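Visitor: Please give me a close look at a single part of this structure, starting from the surroundings of the ligand. After that, I'd like to hear how that part fits into the rest.

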Amino acid sequence: MIRIQNLTKYYGKRRAVDDITFNVEKGEIVGFLGPNGAGKTTTMRIITGYLMPTRGDVWIAEHNMATHSLEGRRLIGYMPEVTPLYMDMTTRAYLTFGARLRGLDGKKAGSRVEEVVEQCALEEYVDVMLGKLSKGFKQRVGLAQAIIHDPQVLVLDEPTVGIDPIQVAQTRKLIKELGRDRTILLSTHILPEVSMICERVIIIHKGRIAAQDRIENLSTILKGGRRIRLHVRGPAREVTERLTRITALRDVRYEEPFHVVEFPVDKEPQAEITGLVVQAGWTLLAMESMEMSLEDIFLQLTTEEEGER
Ligand SMILES: Nc1ncnc2c1ncn2[C@@H]1O[C@H](COP(=O)(O)OP(=O)(O)OP(=O)(O)O)[C@@H](O)[C@H]1O
Ligand SMILES: [Mg+2]
């Protein structure tokens, strides 16, 4: 549904997006994840036709955005990073205006406004000036305008930024609901958000794709670091020192009161660890494996180029 091929964008001499290629299939919810300045917003602006790429192509359904931008844009609802709101308009007036811009006639516009107001839980604020809304509600109005024409494709640039925890939960639920019969690309730098909402994730770093996979597969694409957490009753420093000598272990850390060790998937250092502990006369109170979280994966992927792996 969204197809991006060899997309590159320079701002002057600065390369913001560097030869990225990916697809979002019909009906998928894909998280677009990356640290500040990674190129998420730039990519989304190109996808939605607000910015021309330096090189490369974008298709929305069968429409090439370079040549058939109008047709493509009709299919897209876009919630930009900062929603340009007219502060002296009421929520209703603004959404009606958006609906008319999207080509809905008066009557249809009116009924759609009612629908999105309900979907985005804006009932209390329909007749309030946008300038008087809190940040979180402004975000919701931004989302409401993005879905006003019931688009098949949604591009949401950090839709939950600045929203309080209760509203965040509601907004995520709404996005999931919207995703049942739509294609969604959603940017964020909040990792748990991705696992909560998305089926697949594309990780971008310094304008390049660092990884893309289904959430449940993500840790396996890394060289499969595995981790074990040990609770050893013994002198912490000495325990650390002895563990470090086990060659299978890639990393040994002390996080009081635990020792956390990391090793490649093809290694099985457990026996050696227990042997060491027993031999030293210490007690092994616990040993458990730890799943690599998205945070860990992200950190590894984005620090990889420092060349330690
Ligand atoms: N209008 C612009 N002119 C010049 N450089 C820009 C412009 N917009 C973005 N950049 C640069 O392009 C790079 C990518 O920026 P972009 O806004 O796409 O990142 P992002 O992933 O959305 O970051 P964030 O998480 O902070 O929103 C950055 O280095 C940024 O400084
Ligand atoms: Mg951004």
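Guide: Let's begin at the ligand. Thirteen residues surround ligand 1, and Tyr11, Ala16, Lys40, Thr41 and Thr42 come nearest; a residue counts as near when its C-beta atom, placed from the backbone, lies within 6 Å of the molecule or strand in question. Please keep in mind that this is a predicted model, in which local features need pLDDT of at least 70 and side-chain atom pairs count only at pLDDT 80 or more, while totals for chains, interfaces and linings use all residues. Residues are numbered from 1 along each chain as its sequence is written, with chains lettered from A and ligands numbered from 1 in the order in which they are written.

The shell around ligand 1 holds three nonpolar, seven polar and three charged residues. Here Ala, Val, Leu, Ile, Met, Phe, Trp, Tyr, Cys and Pro are nonpolar, Asp, Glu, Lys and Arg are charged, and the others, including Gly, are polar. Two elements, β2 (14-24) and α1 (40-47), each supply at least two residues of this shell, and α1 gives the most, with three. Such labels follow DSSP runs numbered from the N terminus: helices are H or I over at least four residues, strands E over at least two.

Now for α1 itself. Six of its eight residues are buried, so α1 is largely enclosed by the rest of the structure. Buried means 20 or more other C-beta atoms within 10 Å of a residue's own, exposed means 12 or fewer, and partly exposed lies in between, again with C-beta atoms placed from the backbone. The buried residues of α1 are Lys40, Thr43, Met44, Arg45, Ile46 and Ile47. Just after the helix, glycine 49 has a positive phi of about 85°.

The other contributor, β2, leads us into a sheet. Four strands form an open sheet in the order β2-β1-β4-β5, with antiparallel pairing. At its edges are β2 and β5 (63-64), each with a single partner strand, so one side of each has no neighbour in the sheet. Strands are taken as paired if DSSP finds at least two bridges between them. Going across, β1 and β2 run antiparallel and are joined by seven bridges, and arginine 3 stands opposite asparagine 23 in β2. Two residues lie between the strands in the hairpin of β1 and β2, where glycine 12 takes a positive phi near 60°. On to the next pair: β1 and β4 are joined by five bridges, also antiparallel, with threonine 8 opposite arginine 55 in β4. Finally, β4 (residues 55-60) pairs with β5 in the antiparallel sense over two bridges, and there tryptophan 59 faces asparagine 64 in β5.

One residue ties several of these pieces together: isoleucine 4, in strand β1 (residues 2-11). Isoleucine 4 counts as buried because 23 other C-beta atoms lie within 10 Å. Leaving aside residues up to four places away in sequence, isoleucine 4 touches Ile20, Thr21, Phe22, Ile47 and Val58, where contact means C-beta atoms, placed from the backbone, within 7 Å. Valine 58 is 54 residues away from isoleucine 4 in sequence, yet their C-alpha atoms are 4.6 Å apart.

Next, a step outward to β3 (residues 29-33), whose five residues are buried, all five of them. On one side these are Ile29, Gly31 and Leu33, and on the other Val30 and Phe32. Five bridges connect β3 in parallel to β8 (residues 183-188), with isoleucine 184 as the bridge partner of isoleucine 29. A further four bridges connect β3, again in parallel, to β9 (residues 200-205).

Val30 and Ile184 appear again in the largest nonpolar core, of 57 residues, where Val30, Ala144, Val155, Ile184 and Leu186 touch the most other members. A nonpolar core is a set of buried Ala, Val, Leu, Ile, Met, Phe, Trp, Tyr and Cys residues joined through C-beta atoms within 7 Å. Helix α5 (residues 135-147) gives the largest share of this core, six residues. Another core, of eight residues, lies apart from it and includes Leu230, Val261, Phe263 and Val277.

Conventions:
Two residues are in contact if their C-beta atoms, placed from the backbone, lie within 7 Å.
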